[in-house]
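Me: Please take a close look at one part of this structure, its pockets. What are they lined with, and how far can the model be trusted there?

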Amino acid sequence: DSTLVKQLDFWQPKENVKSSSIEEPLITAQSALLYDVTSDTVLYEKNSKKRLPVASLVKIATAIVALESMDPKTKITVSQRAATIGENSMGLAVGETYTLEDLLYGLVLHSGNDAAEAIAETVSGSSTQFVEDMNRKAKILGATDTFFINPSGLEDDFNNEYSTAHDLVILTKHALTLPLFAEITQTYEYHIPYTASHKELHLYNQTNLLTTYPGAKGVKTGYTPGAGFCLITYVENGKHKLIGVILNSEQRREEMRELLDYSFKVLGVHVPGRI
């Protein structure tokens, strides 16, 4: 893998920070990065290469590996392990069968750990192998300060999983090139009708900036006690496409709004409905 990584000309966020006389917001987040993909410019940075636990933000990598490995219409039957994995759930039951596409909506909108586990077991044959595939993909993309221990972001006893705001910009930018991921992440609600193989489910997007910040196209929330409150937001405004990452914040949504407002001011771009 190390030889492969050296050979790759992978995309990396530029280091250049756009200078501005505008006062930067003060935030509680341990780490943050606001990046304009359009102009390849850092608009705000705080400890962006610090390795931190990132909770359910790992599900972005889960979605990447799944979408690049398997047809979205593939049928997946839910195992006992997947149905009982615990904490955030989209509501799967043992023996039910859904399409990968349905499970990806549950993975992103409800941050379903059950969906993550069911996807992993089917795509790679086991959760262990899937995590190896996730880590390999991260390295291939250039996210070299990232290490996954499971497909869901659930904490283990040792809290060994980590990434950085810098690496999460890389993973998010890549994920958004996958049309179905881009469609899912900006979906506010998704209905899975009843069939003979599964119950009816109604899913709502937990990333509320989707309906409260102009141009927001979602991406992912995350929380565990070790990681704190985390958030990745993707916003389009005119020609500018911004990816914002906040890790371990006391008030992630408010701080993301502040950082987005600040970033657009630095760019000289007016955001409708914002001061």
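Reply: Helices (DSSP runs of H or I, at least four residues) and strands (runs of E, at least two) are numbered from the N terminus. The model is a predicted one, in which local features need pLDDT of at least 70 and side-chain atom pairs count only at pLDDT 80 or more, while totals for chains, interfaces and linings use all residues. Residues are numbered from 1 along each chain as its sequence is written, and side-chain values use heavy atoms, with hydrogens and water left out.

Confidence comes before the pockets. The chain averages a pLDDT (the predictor's confidence in each residue, from 0 to 100) of 91, and 94% of the residues score at least 70. Among the elements, strand S4 (residues 97–99) has the highest mean, 98, and helix H1 (residues 2–7) the lowest, 48. Over residues 1–7 pLDDT stays under 50, and the model gives this stretch 6 contacts (heavy atoms within 4.5 Å) beyond four places in sequence.

A pocket here is an open set of points on a 1 Å grid over the protein atoms alone, where a 1.4 Å probe fits and protein lies on both sides within 12 Å along at least five of seven lines; a lining residue has an atom within 4 Å of a point. The volume of the largest pocket (the space filled by probe spheres set on the points) is about 180 Å³. Its lining consists of Val-37, Lys-173, Leu-176, Thr-177, Ala-182, Thr-185, Gln-186, Lys-217, Tyr-234, Glu-236, Lys-241 and Ile-243. Two or more of the lining residues come from each of helix H8 (179–185), strand S8 (228–237) and strand S9 (240–249). By class, the lining has 5 nonpolar residues (Ala, Val, Leu, Ile, Met, Phe, Trp, Tyr, Cys and Pro count as such), 4 charged (Asp, Glu, Lys and Arg) and 3 polar (the others, Gly among them).

The second largest pocket holds about 150 Å³. It is lined by 15 residues, of which Ser-56, Asn-88, Ser-111, Gly-222 and Tyr-223 are the closest to its centre. Strand S7 (residues 216–224) is the element that gives the most to this lining, with 5 residues. Polar residues number 10 in this lining, beside 3 charged and 2 nonpolar.

Strand S9 also deserves a note on backbone geometry. Most residues other than glycine have a negative phi. Asn-248, placed in strand S9, has a positive phi of about 55 degrees although it is not a glycine. Asp-40 is likewise not a glycine, and its phi is positive at about 50 degrees; Asp-40 sits in the loop between strand S1 (31–36) and strand S2 (41–46).
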